[in-house]
Amino acid sequence: MVQNYEPRSHSLIIITVWSLWYARNKLTHEGIAKRVEDVTNFVLSYCHELARISTSFSHPSRHGQDCWIAPIVSAIKINTDASFNGPGRLSSSGIIIRDCDGLILGCCHCVNHNITSVFFAKAMAVLQGIQFAIDLGLQRVVMESVNKSVISKFLSTDFDMSEIGQITRDIKEMTANFVECRFTFSGRQSNAPAHALAAEGLRLCTDRYWVEEAPPFVDRLAAQDRRSQEPP
């Protein structure tokens, strides 16, 4: 059956069939009915983790460093970063949104004022990345940031009393706009386009958005990420 589809879809098909078979057995033998959204979320989460593990073990970066990993077929990945100017209390958020083939759906750099720390700047970049995805009408997203502390705040169920507490609460409310929204951490090497956008925004001190296109320097970095997905 799977031979009729692209290789990238094979795992999704097999895991979907397996999940439906499991849900059918739960209903038949235990009388427990699984909701469609529960089965769907399980399939997408399982596929995402499988893709991450498979890429890490089977297709390492050609230079032995972390590389960008494409999302599963039905998801979109958002990468964010921020550049910070302490004396000027300015930051620039760099955001790039790509599909499972590594193609750019949108990217931007936007300047923020009255930013008190790098931590605050990184959190603001995630907030603006989420808003950009909402504006584009995306449904299933993976938000990836290089700042593990920021990501841990969004994943925590505790009330956030830190300087980014309000941003944390805003983001959690905004994720209700998606069918699925996952937060993950990545290494610096996997985030080059977003980092370059953030640096350019701070240099120009202006906002700029692109939809289904990108400036040449981002195109080049995104192309490198796509090549890193190819087997060595």
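These exercises treat aromatic rings and the charges over them in a predicted model.

**Exercise 1.** Find how many aromatic pairs there are, counting rings whose centres lie within 6.5 Å.

Solution. The count under this rule is two aromatic pairs. The rings of Phe132 and Tyr209 form one of them, with centres 5.3 Å apart.

**Exercise 2.** Classify the pair of Phe132 and Tyr209 from the angle of the planes.

Solution. The planes of Phe132 and Tyr209 stand at 90 degrees. Planes over 60 degrees apart count as edge-to-face, so the pair of Phe132 and Tyr209 is edge-to-face. Next, place the two residues: Phe132 belongs to helix H3 (residues 118-135) and Tyr209 to strand E6 (residues 208-211). The pair therefore ties together parts that are 77 residues apart in sequence. Last, look at accessibility. Phe132 has 6% relative accessibility and counts as buried, while Tyr209, with a relative accessible area of 47%, is partly exposed.

**Exercise 3.** Do the same for Phe154 and Phe183.

Solution. The ring centres of Phe154 and Phe183 are 5.4 Å apart. Their planes meet at 45 degrees, so this pair is tilted. Phe154 is in helix H4 (residues 148-155) and Phe183 in strand E5 (residues 180-185), so parts 29 residues apart in sequence are tied together. Both Phe154 and Phe183 are buried.

**Exercise 4.** State which ring lies under the charged end of Arg98, and which face Lys148 lies over.

Solution. For Arg98, the ring is that of Trp68, whose centre is 4.1 Å from the charged end. For Lys148, the face is that of Phe185, with 4.7 Å to the ring centre.

How values were computed
Residues are numbered from 1 along each chain as its sequence is written. This is a predicted model: local features need pLDDT of at least 70, side-chain atom pairs count only at pLDDT 80 or more; totals for chains, interfaces and linings use all residues. Side-chain values use heavy atoms; hydrogens and water are left out. Rings of Phe, Tyr and Trp (its six-membered ring) pair if their centres lie within 6.5 Å; planes under 30 degrees apart count as stacked, over 60 as edge-to-face and the rest as tilted. Helices (H or I, at least four residues) and strands (E, at least two) are DSSP runs, numbered from the N terminus. Buried means under 20% relative accessible area, exposed over 50%, partly exposed in between (1.4 Å probe, protein chains only). A charge sits over a ring if NZ of Lys or CZ of Arg is within 6 Å of the ring centre and within 35 degrees of the ring normal.
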